[in-house]
Amino acid sequence: MTTSDSPSGPATSAGSTSEVLPSDILHDYCMAKPGATFDHVFGPQTTVYRVMNKVFLLVGQDARPQYATFSYDPEESLLLRETYESVVPGYYANKRLCNTVYYTGEVSVEQSLEWVDASYDIVVAKLPRKLRDQLHADG
C-alpha cells in the first residue's frame, strides 16, 4: 500500500542533532527520490520506504529511542559502528549490509539524510537493468 500522507513528527533543522529523526523532513526527503513509495507493512509504528518495491529504509516511528535501519556498504558499516555508539548491526536485517541507528542525540539529521542517500543508491544499483532504466525514465 502506498500513500501520500506524511507521518507526523517534530520539525528540526537539518544540521542539528536530535533524539527524534524528524518524520516530516525524512518523509519529504525520501519521497522526493525517483520511484520512492512507503507503507506500514509491519504496522503503523514502522514506516518502510521502498524504491521499485525494494526496501531502502525502515523507521521505527514510536520507539524510544527512535531508530532507522539503512542499507550500507559492508566495510563502511563497520567503520560507522566503531565511530558512533548509536549505530549497531541492522535490527531484523542483514547484519553485514545494514545498520540500525538509534537516535540518542549523537547523529545529526544531516548525517542521517546522507545515509538515506547511500542506502537508496545501494538498492537502486542492485535493481535489474530494466528497472533502473524505467526508474531513470520516470524520474
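**Exercise 1. Work out the strand order of the sheet, its pairing sense and its edges.**

Solution. Six strands, in the order S1-S2-S3-S4-S6-S5, form an open sheet with antiparallel pairing, where strands are DSSP runs (E) of at least two residues, helices are runs of H or I of at least four residues, both numbered from the N terminus, and two strands pair if DSSP finds at least two bridges between them. The edge strands, each pairing on one side only, are S1 (36–39) and S5 (87–89). From one strand to the next the twist averages 25°, with axes taken as lines fitted to C-alpha atoms and angles running from 0 to 180 degrees between N-to-C directions. The model is a predicted one, in which local features need pLDDT of at least 70 and side-chain atom pairs count only at pLDDT 80 or more, while totals for chains, interfaces and linings use all residues. Residues are numbered from 1 along each chain as its sequence is written, and side-chain values use heavy atoms, with hydrogens and water left out.

**Exercise 2. Trace the neighbours of strand S3 and describe the loop that precedes it.**

Solution. Begin with S2 (residues 46–51), which pairs with S3 (residues 54–60) in the antiparallel sense over 6 bridges; Arg-50 has Val-55 as its bridge partner in S3. This hairpin has 2 residues between the strands, and Met-52 takes a positive phi near 50° there. Asn-53 also belongs to the loop between S2 and S3 and is exposed, with a relative accessible area of 63%, given that exposed means over 50%, buried under 20% and partly exposed in between (1.4 Å probe, protein chains only). Next, 4 bridges join S3 to the antiparallel strand S4 (residues 67–71), where Tyr-67 is the bridge partner of Gly-60, and the hairpin of S3 and S4 has 6 residues between them. Finally, 5 of the 7 residues of S3 are buried, which leaves the strand mostly covered.

**Exercise 3. Characterise the surroundings of Arg-81.**

Solution. First locate Arg-81 in helix H2 (residues 74–83). Arg-81 is buried yet has no salt bridge, the nearest side chain of opposite charge being Glu-82, 8.9 Å away; a salt bridge requires a side-chain nitrogen of Lys or Arg within 4 Å of a carboxyl oxygen of Asp or Glu. A polar atom of the Arg-81 side chain does, however, lie 2.9 Å from the backbone oxygen of Cys-98. Among the residues that Arg-81 touches, not counting those up to four places away in sequence, are Pro-89, Cys-98 and Asn-99, contact meaning heavy atoms within 4.5 Å. To close, Pro-89 stands opposite Asn-99 in S6, and 3 bridges join S5 to the antiparallel strand S6 (residues 98–102).

Technical notes
Lys and Arg count as positive and Asp and Glu as negative; His and the chain ends are not counted. A polar contact is a pair of N or O atoms within 3.5 Å; within protein, one must be able to donate a hydrogen and the other to accept it, and residues adjacent in sequence count only if both atoms are side-chain atoms.
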